[in-house]
Amino acid sequence: MKNMPIGQYLVEKGLLTEENLQKVLAKQKESKGKMFGDVIVDMGLISDKEFAKVLAERLNVTYVDLDEVNFVPEVVKKIPEAVARKYNLIAISLVGKRLTVATNDPANFYIFEDVRIITGCNVVPVLATKLSIAKYIGKLYSAGSAENIAAEASQAAEDMGDIDVTDLDLSADRIENAPIVKLANTIIENSHRHEATDIHIEPFENYTRIRVRVNGDLVELMPPVSPLIHGPLVTRYKILSGMNIAEKRVPQDGRMSADVDGTHLDLRVSNLPTVHGEKVVIRILATGNVATRKVTDLGMNDTNYQKFISMLKVPQGVMLVTGPTGSGKTTTLYAALGEMAKPHVNVITVEDPVEKEIEGINQCQINDKAGMTFAAALRSILRQDPDIIMVGEMRDQETSEIAIRAAITGHMVLSTLHTNDAASTVTRLVDMGVAPYMVATSLIGIVAQRLTKVLCPECKRLRMSAEEDNMLLGIDKDKRIPIYDAVGCPNCNNTGYRGRTAIHEILLCTSRMSSLITSGAKADAIAELAKEEGTRLLRDNVADLVQEGKTTMEELIRVTYAV
């Protein structure tokens, strides 16, 4: 197998079929010079990490997950930024004169000869994914540059004096290197590299604050900057997102896109006039290069996973995913669609907005101004011979009734609602005007979910549980069990947490549950029966994570505490 092409090697290992291999080779031929690995990952046949691991095995080199590397800035800077970007590689350790370098092309010896001459070190290549290398090049080389660019932009704004920024053509190519343009780009790039979901640019009397939402919490992206920057920076984002730059008295919405480290970002921009100027919030949605999650990647425990899969097997009815904004509802729905969308099935979605384009699925975008509402879109979709319909959100009685009638007439309907738990979802539908018997007839099940932060493995601190901890965990108050607290270290940006996982509460609409709903039962009675039938509440799931050492008591309280 030593000289076997990587495609054939994947077939031999059972990770790729011969038919798919031929498709990849044909696509590679069309793309003229694109690497085999890039093509197969783009086609979604294998993840970039899986491919990198197999390639490392095939080439007999070490695979490294860069998310688990402790980077030393002095070692990284051994390789100049221009060289790192040119060859897409990054230095990860230095022992004597041996420099270990992560690359996605470990067989290209010309690259390492260049690096050896530049650094004066012997190069030891290890394999990492192309995207992770690009991400850390951006993160580590630009760490100090954001403040420098902000200072440069402040100076430029000061030099401009009282010139009205609305008179400046900030979108022109000839000033692409202007400090304010560079700052606007750097904010988006650094936010994405910190895995932020939102950017907040907030004006105050003596400074402008730039914060990002990471793992659900707002943290400062950089020190506060001069208020002189605020006007030009807001104007830049308004131009890019198609807003009216002369209008500063009313809120505006827009959208723009950007490419950062090989990932295409879709950015939703919201502008709100405040006392000291316009506040801008940018929602970051990664599209295109980021693969849709599989059902197995949703973080469900075995019990919930089995219930979820059983719901997806039902041919018609309504499956609802509930939770507050930003709890991962759309991700769960997309994973469900990915499981259900087969070549012989017609899947149509109606969303506001379409967050991710999925191959082989018809997706409709809501446009209220043009009259394309959820209800109007749903009526048309029912004439499009659908098998599976996904409705982005049940916002009103009309949408809910059409969706539930569609389910009763033989369609599979997936949708979301904003409720606190699974049981209250039923009463919410009834409150919206849907008859209880229709809810009971059409409902398959409800998934309530939240996102909880995961402890950083490097710095979490062990302690024994106290009596009040045990009360919240639902265990014997005199028992002492090991649990962990968040501390904070450079690996987790001093937050104590790295990443998030979902917790779920799954209620199945059994015959007993159906009878209870029809009788007009309240949320308490529904929750009681659900527990009897084996539903594990959100509190139970997060308590398990605390006892497994994956999260903290603070997270349990934040996510599930109720009076």
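Two strands pair if DSSP finds at least two bridges between them. Keep that in mind for this tour of a predicted model.

**Stop 1: strands β4, β5 and β6**

Select β4, residues 198–203, and then β5. The two strands pair in the antiparallel sense over six bridges. They form a hairpin, with four residues between them. Zoom in on H200. Which residue of β5 stands opposite H200? It is R211.

Now add β6, residues 217–220. Four bridges join β6 to β5, and these strands also run antiparallel. Stay on R211. Its bridge partner in β6 is E220. So far R211 has taken you to H200 in β4 and to E220 in β6.

Look next at the turn. The hairpin of β5 and β6 has two residues between the strands. N215 takes a positive phi there, near 55 degrees.

Before leaving, show the surroundings of β5, residues 208–214. Is this strand largely enclosed or largely open? Buried means under 20% relative accessible area. Five of the seven residues of β5 are buried, so the strand is largely enclosed by the rest of the structure.

**Stop 2: the sheet of three strands**

Select β1, β2 and β3. They form an open sheet in that order, with mixed pairing. The edge strands are β1 (89–95) and β3 (122–127), and each pairs on one side only. The twist averages 30 degrees from one strand to the next.

Focus on β2, residues 98–103. Six bridges join β2 to β3, and the two run parallel. For one of these pairs, find A102: its bridge partner in β3 is V126.

Now add helix α8, residues 130–141. It lies across β1 and β2. Its angle to β1 is about 75 degrees.

**Stop 3: the sheet of seven strands**

Select the seven strands in sheet order: β12-β11-β13-β14-β10-β15-β18. This is an open sheet, and the pairing is mixed. Which strands stand at the edges? They are β12 (362–365) and β18 (497–508). Each has a single partner strand, so one side of each is left without a neighbour in the sheet. The twist averages 20 degrees from one strand to the next.

Begin at the β12 edge. Strand β11, residues 347–351, pairs with β12 in the parallel sense over four bridges. V350 stands opposite C364 in β12.

Next, bring in two helices. Helix α12, residues 302–312, lies across β10, β14, β15 and β18. It runs at about 60 degrees to β18. Helix α22, residues 553–560, lies across β15 and β18. It runs at about 145 degrees to β15.

**Stop 4: two crossing helices**

Two packed helices are described by the angle between their axes and the distance between the axes. Select α16, residues 422–431, and α20, residues 523–532. Their axes come within 8 Å and cross at roughly 140 degrees. The helices are therefore oblique to each other. The crossing is right-handed.

Show the side chains where they touch. On α16, pick A423, S424, V426 and T427. On α20, pick A523, I526 and A527. What classes of residue make this contact? Five are nonpolar and two are polar, with no charged residues.

Terms used:
Residues numbered from 1 in each chain as written. Predicted model: local features only at pLDDT ≥ 70, side-chain atom pairs only at ≥ 80, totals over all residues. Heavy atoms only, no water. Axes fitted to C-alpha atoms, helices over the stretch in contact; angles between N-to-C directions. Contact = heavy atoms within 4.5 Å. Buried < 20%, exposed > 50% of the residue type's maximum accessible area, 1.4 Å probe, protein only. Parallel < 35°, antiparallel > 145°, perpendicular 65-115°, else oblique. Left-handed = near helix turned anticlockwise from the far one by under 90°. Nonpolar A, V, L, I, M, F, W, Y, C, P; charged D, E, K, R; others polar.
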